[in-house]
Amino acid sequence: MSPVNPVGRRQALAVGASLLALTAVGACSSGHSAAELKVTGAYIPQPALADMAAGYFTVTNTGGTDATLTSVTSGFAASITMHSTTDGRMRTADSFAVPAGGKLVLSLGGNHLMLMDLKRKPLAGEKVSLKLHFRDADPITVPVPVKPAGYQPGK
Ligand SMILES: [Cu+2]
């Protein structure tokens with residue numbers, strides 16, 4: 001009598017191989033799930049002058065991969081820079097992280113966009129288009145409402 005049944009052994013190997021395959025697929029899909037970005041609460045307060053405006057929004061990432069906001073462009077402003085605020089001091093930021101399962105918040109007194117060299121002064125009630133460019137995610141174009149000067153969300 002043979003101690004090993006050849007048929008049983010082959011089946012065991014086949015089951016083992018398919019389990020390995022399942023594990024590999026599972027690891028791959030969770031490790032590579034893309035960033036899932038959504039932009040909400042975007043607004044631009046109507047500026048006092050035509051040459052400069054600020055911009056605010058929130059980017060939420062419900063995906064499994066970190067993304068990075070690398071730049072913002074618009075046909076309406078020749079130059080858009082990103083600023084962070086620390087202890088009341090503004091400084092230019094090269095990029096902003098949008099962590100997996102987290103969010104990036106641009107808000108009054110904190111991180112914000114600085115829009116310069118405007119084509120014209122944006123007026124409350126109109127919308128301008130901003131395009132957000134990311135590393136590790138597709139760009140998102142957002143219609144951004146212009147709010148009255150001094151507008152604060154939720155007030
Ligand atoms: Cu600034």
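This report describes the strand pairing around β2, the alternation of side chains in β7, and the surroundings of alanine 77 in a predicted model.

**Confidence in the model**

Averaged over the protein chain, the pLDDT is 86, and 79% of the residues score at least 70. Residues 22–30 have a pLDDT below 50, and this stretch makes one contact in the model beyond near neighbours in sequence. Where pLDDT is low, the predicted coordinates should not be read in detail.

**The partners of strand β2**

Strand β2, which covers residues 52–61, is paired with strand β1 at residues 37–45 in the antiparallel sense, and the two form a hairpin with six residues between them. Strand β2 also runs antiparallel to strand β8, made of residues 112–118, and antiparallel to strand β7, made of residues 103–106. The table sets out these pairings, with the number of bridges and an example of residues that stand opposite each other.

| Strand paired with β2 | Bridges | Example of facing residues |
|---|---|---|
| β1 (residues 37–45) | five bridges | leucine 37 and asparagine 61 |
| β7 (residues 103–106) | four bridges | threonine 60 and lysine 103 |
| β8 (residues 112–118) | four bridges | glycine 55 and leucine 113 |

Another bridge to β7 links threonine 58 with valine 105.

**Two faces of strand β7**

In a regular strand the side chains alternate between the two faces of the sheet. Strand β7 shows such an alternation, for Leu104 and Leu106 point to one face and are buried, whereas Lys103 and Val105 point to the other face and are not buried. Two of these residues have already appeared above as bridge partners, since lysine 103 is paired with threonine 60 and valine 105 with threonine 58.

**Alanine 77 and its surroundings**

Alanine 77 belongs to strand β4, which spans residues 77–86. Is this alanine 77 buried or exposed? Alanine 77 counts as buried because it has 24 C-beta neighbours inside 10 Å, and the cut-off for a buried residue is 20 or more. Leaving aside residues up to four places away in sequence, alanine 77 touches Leu115, Met116, Asp117 and Leu118. These contacts can be read together with the strand pairing described earlier, as strand β8 consists of residues 112–118. A further relation links alanine 77 to leucine 130, which is 53 residues away along the chain, while the C-alpha atoms of the two residues are separated by 9.3 Å.

Methods. Residues numbered from 1 in each chain as written. Predicted model: local features only at pLDDT ≥ 70, side-chain atom pairs only at ≥ 80, totals over all residues. Pairing = 2+ DSSP bridges. Buried ≥ 20, exposed ≤ 12 C-beta atoms within 10 Å, placed from the backbone. pLDDT = per-residue confidence, 0-100. Contact = placed C-beta atoms within 7 Å.
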